[in-house]
Structures are given as structure tokens and as C-alpha cells.
Amino acid sequence: MRRLDGRVALVTGAASGIGRATAEVLAAEGAWVVATDIDVAGGEETHGRIVAAGGHARFLAHDVTDEDRWADVVAETMAAHGRLDILVNNAGIGIGVALTEMTLADWNRQLAVNLTGTFLGCKHGVPAMRAGGRGGSIINVSSVAGLEGAAGLAGYCATKGGVRLLTKALAKECAMAKDGIRVNSVHPGIIDTPIWAKIDQGGLDAVAETFAARPGANALAPDLIAAAGAPLGFAGQPEDIARGIAFLASDESRYMTGAELVIDGGWTA
Ligand SMILES: NC(=O)c1ccc[n+]([C@@H]2O[C@H](COP(=O)([O-])OP(=O)(O)OC[C@H]3O[C@@H](n4cnc5c(N)ncnc54)[C@H](O)[C@@H]3O)[C@@H](O)[C@H]2O)c1
């Protein structure tokens with residue numbers, strides 16, 4: 001008996017990085033995984049990897065900022081499986097720019113994906129879990145940048161701090177409702193995923209200084225940042241976060257709700 005046998009999990013941002021690793025680990029633990037993303041090619045690849053490994057999954061194209069699509073994705077999941085046990089709100093973007101240089105469009109885009117996307121997932125996921133009648137586990141992917149500030153990432157920090165407290169407030173709402181739904185946040189440190197290549201290197205002097213990057217080096221290379229700031233001295237791998245998420249998804253964490261699971265190589269210690 002694997003830890004998540006018989007469970008149905010929905011993972012957003014599952015085409016890459018932490019989301020892909022989470023979808024794979026949850027499937028390896030026995031869950032039926034609904035993997036979603038705006039990146040259709042990457043999402044199909046995640047689906048293929050899970051099936052090739054003997055797991056069960058489907059991929060659905062899904063923009064987490066679109067409330068109508070959230071309703072469809074949850075409805076399709078319920079129609080296919082009749083239940084939703086695990087929801088991982090993982091999709092996220094990082095926009096690196098000094099606050100005074102940040103456009104309102106960039107601020108709004110980051111809020112829409114990271115914070116509003118998480119809100120919409122919770123809003124549509126909780127009723128589905130309640131309808132299943134056996135509780136559930138929601139895991140919201142925040143960041144160490146939701147625990148402390150980072151120069152050049154003010155907008156990102158604002159969204160991830162918001163995810164942290166949205167998580168705690170919903171944890172209390174669900175506990176008061178006695179619906180058996182637990183809600184926790186995960187706080188990765190520097191993890192070696194494609195997100196770092198997507199953050200614009202231009203105008204990021206403040207970020208480079210924060211992370212004490214060597215002159216001439218790519219200031220956003222995960223290993224370099226981790227070597228400078230994480231006591232363990234190396235960047236984490238997506239699987240390091242996925243295993244923490246699998247723990248929160250499983251009954252092994254049954255007494256945890258509203259908690260912060262920090263997986264950061266000691267960054268915030
Ligand atoms: N990599 C790190 O060091 C790190 C550290 C702390 C927190 N995080 C968080 O972990 C999560 C996953 O990041 P990652 O490092 O795996 O990045 P990634 O870029 O590898 O993956 C993010 C995924 O989210 C998807 N996505 C983006 N916008 C979307 C939208 N509107 N709707 C649906 N999907 C969308 C992307 O297509 C991509 O597949 C993010 O929330 C990120 O903020 C990452």
C-alpha cells in the first residue's frame with residue numbers, strides 16, 4: 001500500500017520544475033494525478049513521463065488566472081473521478097526588477113498568477129473536496145521569499161507573503177467547518193528549475209548584490225545563489241520539494257494545518 005493509493009490530486013504548473021516533480025512523486029505514491037499548465041507541450045511531456053513510469057495521470061491545459069477555466073478543470077476532475085483529495089497550487093512566475101522600475105502591468109501579472117491563481121484554486125478546490133466527504137489536503141507553494149524580503153523581487157515577495165497568510169486563514173476556515181481539509185504552505189529555497197532562466201537578467205543589479213554573485217557570472221544561476229546564501233551550499237532539486245509536498249498530501253501530516261514547511265538548505269535558519 002503506497003501513501004496516496006486511491007487519492008486524486010490536481011497539480012498546477014505541472015509542465016516544469018517543481019510542479020512536474022510533484023506530479024511524478026504523487027503518482028509514484030499511488031495518486032491519480034490531474035496535471036495542469038498553460039504550457040501544453042511541457043504538460044503532455046509530464047503526462048507521458050508519469051504513464052511511462054506506470055502511474056496514472058491526465059493533462060489539462062489551464063491558465064490559473066482564469067476563473068472559468070478553474071471551474072471547468074475541477075468539474076472535469078469530479079466528472080472523471082468523483083473526488084478531489086489533493087490540490088497543489090504550484091504555478092508561479094518571478095519578475096525581477098527594482099520596485100521603482102516595476103510597471104503596473106508586471107505587478108498585476110505576478111499577482112494574478114501567484115496569488116490570485118492560488119486563491120482561485122482554493123475557492124474551487126474546497127467545495128469539490130467537501131463534496132467528496134473525506135476531507136483533503138491543499139498545498140500552496142510559497143517561497144522563502146514569502147518569509148523574508150529579497151531586493152529586486154518586491155512584487156514576488158508580496159505575492160508569496162500573501163500565499164503564506166491566505167493559507168493560514170483558509171486553514172482556520174476549514175478547521176472551523178470541520179470538513180477535514182488541511183491547508184499548508186511550502187517554502188522552497190533556491191531550487192534548480194527553469195524559473196531562474198525565465199527571470200529577466202536585465203535591471204537585476206539589486207538581486208545580484210543580494211545574492212553576492214561573482215562578477216561576470218550569471219547572477220541568477222541557482223547553484224551560485226545557493227552557494228552564497230544557503231548553509232548547505234548547493235541548490236535543491238525539484239524532487240526535494242516534491243517529497244515535502246507528498247508528505248503534506250499524505251495522512252502522515254494529519255495534525256498539520258496552517259503550517260509552513262520550509263525546504264531551503266538552511267537559507268532562513
Ligand atoms: N525554483 C525556485 O528556486 C523556487 C523557489 C521558491 C519558490 N518557487 C515556486 O515554486 C513554484 C514552481 O516554480 P518552478 O521553479 O518549478 O518554476 P518553473 O518555471 O520551472 O515552473 C512553473 C510552471 O508554472 C507554469 N505557469 C506559469 N504561469 C502559469 C499560469 N498562468 N497558469 C498555469 N501555469 C502557469 C509554467 O508554464 C511552468 O510550467 C512557483 O510558484 C515558484 O514561485 C520556486
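In the predicted model, Gly136, Ile138 and Asn140 project to one side of strand 5, while Ser137, Ile139 and Val141 project to the other, and all of these residues are buried. Strand 5, spanning residues 136-141, is accordingly described as mostly covered, with six of its six residues buried.

The pairing of strand 5 was examined next. Strand 4 (residues 86-89) and strand 5 pair in the parallel sense over four bridges. Within this pairing, Leu87 has Ile138 of strand 5 as its bridge partner. Strand 5 is also joined by six bridges to strand 6, again with the strands running parallel. Here Ile139 stands opposite Asn184 of strand 6. The chain passes from strand 5 through helix 5 to strand 6 in a right-handed β-α-β crossover; helix 5 comprises residues 154-177 and strand 6 comprises residues 181-188. A right-handed β-α-β unit is likewise made by strand 4, helix 4 (residues 104-132) and strand 5.

The loop between helix 5 and strand 6 contains Lys178. This residue has a positive phi of about 50°, although it is not a glycine. Lys178 is exposed, with a relative accessible area of 75%.

Strand 1 (residues 8-11) shows an alternating arrangement of its side chains: Val8 and Leu10 point one way, Ala9 and Val11 point the other way, and all are buried. Strand 1 is linked to strand 2 (residues 32-37) by four bridges, and the two strands run parallel. Three bridges connect strand 1 to strand 4, also in the parallel sense. Ala9 takes part in both pairings, standing opposite Val33 in strand 2 and having Ile86 as its bridge partner in strand 4. Together with helix 1 (residues 17-28), strands 1 and 2 make a right-handed β-α-β unit.

Several of these residues recur in the nonpolar interior. The largest nonpolar core has 27 residues, and those with the most contacts inside it are Leu26, Val33, Ile86, Val88, Ile139 and Ile245. Two or more residues are given to this core by each of strand 1, helix 1, strand 2, strand 4, strand 5 and helix 9 (238-249). A second, separate core of 22 residues includes Val64, Trp70, Ile138 and Cys174. Ile139, one of the residues with the most contacts in the largest core, and Ile138, a member of the second core, point in opposite directions from strand 5.

The surroundings of Leu26 were considered in detail. With neighbours within four places in sequence set aside, the contacts of Leu26 are Leu4, Ala9, Val11, Ala31, Val33, Ile86, Val88, Ala246 and Ala249. Among these contacts are Ala9 and both of its bridge partners described above, Val33 and Ile86.

The ligand is surrounded by 31 residues, of which the closest are Ser16, Asp37, Tyr156, Thr193 and Lys198. Polar contacts to ligand oxygen atoms involve both side chains and backbone. A polar side-chain atom of Lys198 lies 2.5 Å from an oxygen atom of the ligand. For Lys160, an N or O atom in the side chain is 2.8 Å from a ligand oxygen atom. A polar backbone atom of Ile191 is also placed 2.8 Å from an oxygen atom of the ligand.

Note on methods:
Residues are numbered from 1 along each chain as its sequence is written. This is a predicted model: local features need pLDDT of at least 70, side-chain atom pairs count only at pLDDT 80 or more; totals for chains, interfaces and linings use all residues. Side-chain values use heavy atoms; hydrogens and water are left out. Buried means under 20% relative accessible area, exposed over 50%, partly exposed in between (1.4 Å probe, protein chains only). Two strands pair if DSSP finds at least two bridges between them. A crossover is right-handed if, with the strands pointing away from the viewer, the path from the first strand over the helix to the second runs clockwise. A nonpolar core is a set of buried Ala, Val, Leu, Ile, Met, Phe, Trp, Tyr and Cys residues joined through side-chain atoms within 4.5 Å. Contact means heavy atoms within 4.5 Å. A residue is near a molecule or strand if one of its heavy atoms lies within 4 Å of it. A polar contact is a pair of N or O atoms within 3.5 Å; within protein, one must be able to donate a hydrogen and the other to accept it, and residues adjacent in sequence count only if both atoms are side-chain atoms.
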